[in-house]
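This report walks through one protein chain for a reader who has not met it before. It starts from a single strand and moves outward to the spaces and cores around it.

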Amino acid sequence: MNIQLTINGTDKSVSIEPEETLLQLLRREGYYSVKHGCETGECGACSVIYKPPASEGAAPPSPRMVNTCVMLASQADGAEVTTVESLGNRTQLSALQQAFIENGAIQCGYCTPSQLLAAKVLLDKNPRPTEAEVRDALSGVLCRCTGYVKPVQAVLNAAAILRGDDQGKRPALFTRVMAPGGSVAPPTTGDIPWGAKPHDDTEAKRQGQTQTDTLTTALPPFVLAPEPQTSVVGKAEKKVDAAKLAQGKQAFVDDYPMPGMLYAAMLTSPHAHARIKDIRTARARALQGVHAVLTYKDVKRVLYASGGQSYPNPPPYDQVSLDNKVRHVGDRVAVVAAESMEIANRALELIEVDYEPLPAVFDPDEAFKVGAPVIHDEPDAIGIKDPARNLVAEVHALVGDIRTGLAESDVVIEREYRVPQAQQASIEPHICMTWFDEDDRLVVRTSTQVPFHVRRMLAPLIGLPVKRIRVIKPRIGGGFGGKQEMLIEDLCAHLTLATGRPVRFEYTREQEFISARSRHPQRMVYTAGFTKAGILHALRLYVLGNTGAYGTHGITVQTVSGLRGLSTYRCPHMEFDCDIVYTNIPTPGAFRGYGAPQAEFGLECLMDEAAERFHMDPVEFRRRNWVRIGDSLPLAKALGEAKEGFDQVIKTCALEECHQQGMAAIGWHKRDQLRIDPKRPTKRRGIGVATCMHGTAIAGLDMGAASIKMNDDGSFNVLVGGTDIGTGSDTVIGQIAAETLGVPLEDIIVYSSDTDFTPFDVGAYASSTTFITGGAAKKTAEQVLRQIQEVAARMFSKGYGQALGGAAVSLKQGETVNLQDITLHDRKAWAPDGRSITLEQIALFATHQEDQHQIMATASHMSYDSPPPFGAQFADVEVDMETGEVTVNRLVMAVDCGVAINPATASGQIEGGNLQACGYGISEEMVYDKDGSLLNRQFGPYRIYSADETPDLQAILVQTYEPSGPYGAKAVAEIPMDGVAPAIANAVFHATGHRFYQIPLTPERVWRGLRSAAHQSKG
């Protein structure tokens, strides 16, 4: 059928299929800014501005946002549709697009087009919106990256520009505060009064204030380190990929459809545990348009571990591409490739499977018992500790003598904590395309954090050598660890091998929940011994880790829990014991924080309870015990990456400054004055704290490389294998290179993550990219700098160069300049006497005029240091004593991440990570029925925060100068996940007097806990 509609002002007549959605139509017509994130209209990534046709005699309808994934294309007949492609282009961006770029509002960029359109609809109606109105407008577009702080700021600033307000009065992105070691100058506090909702700016609006005035104190303070000034490093440079993302240009995997492309669909298990007795595919294969149907009968059985980790992958090797046994609801059964998704899905319905259901077990304590169902009974699995007990692995580490330490302690506290399975919920689902190029090499374009690991791991599964596989990582619509996995690339490649055709394979949102990865749930037991003075003397941690149906990341995540759960505080006697157990839930894997959020929830709740036992302020109690500069981290060597690691000594630590800044910002000194609101007797308010410590890369293991070449105009191409997943690492690496080479960031062209053209890198995980890839970029740039100095010295000796006044200088033949005396800045090489030569002149001279050669270099970087970033996390909460509802009013985090190479991207990581972690503490939990079927497998029932629900978020950067990092940098991306849940739990205790040992703190869980406490007090 044909429909008529107007897209971005152009009238179109298009032919559509009856079942085709408006999303499918728009993308088929080349409007790639419209994204797929779900199939239920709940994420908003597919939304556009929609103006329905006017009814005869009725007033013209107003444009509104609609979700195109749940709207049939036929419904748009006669309508007007606006996508972000209409807002601006490379010659002139709109005010909204420019504001998003300048305010650092774009991280992965997957949801950015819809946010821009939602903002446009708002500003077209209301040129002077309040913050609350902006948040309401953006609330239909979920964002997992930003925490919404900078997108909201961007919309407000764009509104001011469009109104013609004096732009000079708009606040800077950062407030510069102080240098560690001096007197602390606390930031403005900005307390939230009782009864006010976060982002409640109705009073400001009533008084006629502009929102840019009221937002000033909410911007992140930037606490400076006393180090030499830099030109590019340490500056809030615009992201190098921001312009294309703001324009909705082709950037993601699905934005490059291939001619002749087939569509893949996967059949998954309805049973938590079953053997496939038989599978019949004849009817599916006979369906017109089907080109391949693959089951365990068609694919060679090759064992592997799917986690994207360094060679050799940690065991167990307990997976095959397609198996005759399924171990969780959502496990792989078969895959189909067909001419369309509709045909592929119909083919799945025609596959006949005879299952033999087996007993299933979902609780790790039950799975560990004698007589429990054996999940991995296959004889060829490799590296499982004790399959009969569902025991994947055991981990043990000891420092000192734990028994003696506990016996010597005056006070011993033992507590059990439980943390849930949670989903990464990247807005872009897992997606992959595979095809054979003109040289019959397999090309894999995939949304992955680990392209080089994928290539190495894929090769044996499909029977091709590494040299015949190329993996390309384009922009990624969020990763958070979930894409540190070879999850679907093998099946997609198998289908291309079977058909010889390009194949596209994308998970549905339901499959993201039941067939992808998640955070490991744990039961942990802490036992802590203290002296009479409140000094930690002995600390033991036992973890029972639930690794689900397969063991990927199971050993290493739990090992990191031990390391992070026992390293924040000085203690002479420590022990870590861990059992990692199979169950029949969907497989957990890597998730931002990687074991630290689990353990630090228990540790920080324990330390808070200990402070109460000793009648001490919670911050002061932590201060007595936290690690300091010069301390060693013995468990870093004992545990390593599931094997012995390397000695670590703390060289930089600003825990004191972080806590001072955070206490001032949250209003710690008034925490006991605000607990009860006489006007609302059922409400209680509390403020909690958690001390945070993470790591920077995996010592002695992670390695990345970079190559840099100089172009004729004095610009530079920087090639790295490091993977930008929205964190801004391409920008940060560009800044490091630009600083070293004396040019602005715009003179650096960064290309990343193509296994054919970029050097090796382990990928984006373990908070390693700035430290490892950035270290490689700095080494490489220093080699290029040396080559430029050599050419410049020769040119100076030949009479090239201008004096400071611009006059030409004639030198005597043979006069030389020492290489080390030549400096690079302002796109020039400078001699000590002020003479200069442009980098363009140097490039042309080296390439075309004398001793011709390409100025270029390559270098690798690996470090035996893993310098920990530190942080102080504060939470301000309100608890309804009648319903159990916990409202988080405010989160403040002060972070010592070394030198923030880009403060905009660094603070964005803190804001986004804090909001993700807030969900972990309050609402996010994968819930199953008695048969192991996930109940909340869509964004609706699995709640992640929208823009109008978030607490106030404040990030504070407390800089130190880490000598082992490039330009003093440490990690920042994962530590924001670590402290929010315990800070919230401690705040709830402060508000209610009742402690909770399990998250998330849902209303029902809190209500039951408060009722139980009230009943016990009466008894």
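Strand 19, residues 503-506, is covered on both faces. Val 503 and Phe 505 are buried on one side, and Arg 504 and Glu 506 are buried on the other. In a regular strand, side chains point to the two faces of the sheet in alternation. The model described here is predicted.

**Neighbours of strand 19**

Strand 19 pairs with strand 8, residues 262-268, in the parallel sense, over three bridges. Within strand 19, Arg 504 is the residue that stands opposite Tyr 263. Strand 19 also runs antiparallel to strand 16, residues 431-436, and four bridges join the two. Here the bridge partner of Thr 434 is Val 503.

**The largest pocket**

The pairing of Tyr 263 with Arg 504 leads on to the largest pocket, since both residues are among those nearest its centre. The others named there are Gln 24, Met 341 and Glu 342. The pocket has a volume of about 1,200 Å³ and is lined by 37 residues. Elements that give two or more residues to this lining are helix 1 (22-28), strand 8, helix 10 (341-350), strand 19 and helix 15 (509-514). Strand 8 gives the most, with six residues.

**Cavities**

A search of the whole structure finds eleven cavities of 30 Å³ or more. Of the 18 residues that line the largest cavity, Gln 319, Val 320, Asp 331, Arg 332 and Tyr 550 are the closest to its centre. The lining of the second largest cavity includes Leu 633, the run from Gln 648 through Val 649, Ile 650 and Lys 651 to Thr 652, and also Asp 865, Ser 866, Pro 867 and Pro 868. Glu 962 and Ser 964 belong to the lining of this second largest cavity as well.

The table sets out the volumes and the make-up of the linings.

| Space | Volume | Residues of the lining |
|---|---|---|
| Largest pocket | about 1,200 Å³ | 16 nonpolar, ten polar, eleven charged |
| Largest cavity | about 190 Å³ | six nonpolar, six polar, six charged |
| Second largest cavity | about 70 Å³ | five nonpolar, four polar, three charged |

**Ala 305**

Gln 319, one of the residues closest to the centre of the largest cavity, is also touched by Ala 305. Where along the chain is Ala 305 found? Ala 305 is in the loop between strand 10 (290-294) and strand 11 (325-326). Ala 305 counts as buried because its relative accessibility is 7%, and the cut-off for buried is under 20%. Leaving aside residues up to four places away in sequence, Ala 305 touches Asn 313, Pro 314, Pro 316, Tyr 317, Gln 319 and Met 457. The C-alpha atoms of Ala 305 and Lys 120 are separated by 46 Å, and these two residues are 185 residues apart along the chain.

**Nonpolar cores**

Nonpolar side chains tend to be buried together in soluble globular proteins. In this model the largest nonpolar core has 160 residues. Tyr 526, Phe 530, Leu 539, Phe 576, Val 877 and Ile 984 are the ones that touch the most other members. Phe 530 can serve as an example: beyond residues up to four places away in sequence, it touches Ser 409, Asp 410, Val 411 and Ile 413, then Ile 535, Leu 536 and His 537, and further along Met 607, Ala 610, Phe 614 and Phe 621. A second core of 40 residues is separate and includes Leu 741, Ile 788, Met 795 and Leu 819.

Definitions and conventions:
Residues numbered from 1 in each chain as written. Predicted model: local features only at pLDDT ≥ 70, side-chain atom pairs only at ≥ 80, totals over all residues. Heavy atoms only, no water. Buried < 20%, exposed > 50% of the residue type's maximum accessible area, 1.4 Å probe, protein only. Contact = heavy atoms within 4.5 Å. Pairing = 2+ DSSP bridges. 1 Å grid on protein atoms, 1.4 Å probe; cavity = no way out; pocket = protein on both sides within 12 Å on 5 of 7 lines; lining within 4 Å. Points joined across faces, edges and corners; volume = space filled by probe spheres on them. Nonpolar A, V, L, I, M, F, W, Y, C, P; charged D, E, K, R; others polar. Core = buried A, V, L, I, M, F, W, Y, C linked by side-chain atoms within 4.5 Å.
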